[in-house]
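Good morning, and thank you for making time on the agenda. I would like to take you through one model, beginning with a pair of cysteines and moving outward from there.

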Amino acid sequence: MGYKALARKWRPKNFDEVIERANNNDLGLCSYVYTTNLKQANKASEKLETGCVAVNTPVVAVAEAPFGGIKQTGYGREGGSMAIKDYLNIKYTHFGYSYE
């Protein structure tokens, strides 16, 4: 019985190549970024096409924060204040200037 590597080596040319490759799929639930550069973490979070981004931690889901994805992982959020919006019905009422 032989053993094989779980992941092959890949050396990206630049930051944009990493983001492009990460976004090149039909899923978008969570992304994980590990870096010591806060500006780069911010930039990655903005460019990654996922519903959640965890920076320097494997933990992404907490009760206070909205959790959900985009693309084929579905739209919508659970948890946090964003989750309640799926259960609300918004009504718009416009009154004219003529009152009796």
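Please look first at Cys30, whose bridge partner in strand β3 is Cys52. Before going further, I should state that this is a predicted model, and that the values I quote are computed from it.

The two strands concerned are β2, residues 30–33, and β3, residues 52–55. They pair in the parallel sense, over four bridges.

With two cysteines placed as bridge partners, a biochemist will want to ask about their sulfur atoms. How many disulfides does the structure hold? The number is zero. Cys30 is in no disulfide, and the nearest cysteine sulfur, that of Cys52, lies 4.2 Å away. Why is there no bond from Cys52? Its sulfur is 4.2 Å from the closest cysteine sulfur, in Cys30, and that is too far for a bond. The cut-off applied here is a pair of cysteine sulfur atoms within 2.5 Å.

Are these two cysteines buried or exposed? Cys30 is partly exposed, having a relative accessible area of 21%. Cys52 counts as buried, at 5% relative accessibility. The limit that matters for this reading is 20%, since buried means a relative accessible area under that value.

The position of Cys30 can also be read from the faces of its strand. In a regular strand, side chains alternate between the two faces of the sheet. In β2, the covered face carries Ser31 and Val33, while Cys30 belongs to the uncovered face together with Tyr32.

Let me now follow the chain beyond β3. The loop between β3 and β4 contains Ala61, and strand β4 itself comprises residues 70–71. Ala61 is 31 residues from Cys30 in sequence, yet their C-alpha atoms are 9.7 Å apart in space. Ala61 is partly exposed, with a relative accessible area of 48%.

The loop between β3 and β4 also holds Asn56. This residue has a positive phi of about 60° although it is not a glycine. Asn56 counts as partly exposed, at 43% relative accessibility. A second case is found in strand β4, at Lys71. Phi of Lys71 is near 60°, again a positive value in a residue other than glycine. Lys71 counts as partly exposed as well, at 22% relative accessibility.

I turn next to the helices. Two packed helices are described by the angle between their axes and the distance between the axes. For α1, residues 15–23, and α2, residues 38–47, that angle is about 35° and the axes are 10 Å apart. The crossing of α1 past α2 is right-handed. Which residues make the contact? From α1 they are Phe15, Asp16, Ile19 and Asn23; from α2 they are Gln40, Lys43, Ala44 and Lys47. By character, the residues of this contact divide into three nonpolar, two polar and three charged.

Finally, the chain as a whole. It has three helices and four strands, and along the sequence these follow the pattern α-β-β-α-β-β-α. Of its 100 residues, 17% count as buried. Among contacts in the chain with a separation of 6 or more, residues 24 or more positions apart account for 34%.

To return to the starting point: Cys30 and Cys52 are bridge partners, and the structure holds zero disulfides. Thank you for your attention.

Conventions. Residues numbered from 1 in each chain as written. Predicted model: local features only at pLDDT ≥ 70, side-chain atom pairs only at ≥ 80, totals over all residues. Heavy atoms only, no water. Axes fitted to C-alpha atoms, helices over the stretch in contact; angles between N-to-C directions. Left-handed = near helix turned anticlockwise from the far one by under 90°. Contact = heavy atoms within 4.5 Å. Nonpolar A, V, L, I, M, F, W, Y, C, P; charged D, E, K, R; others polar. Buried < 20%, exposed > 50% of the residue type's maximum accessible area, 1.4 Å probe, protein only. Pairing = 2+ DSSP bridges.
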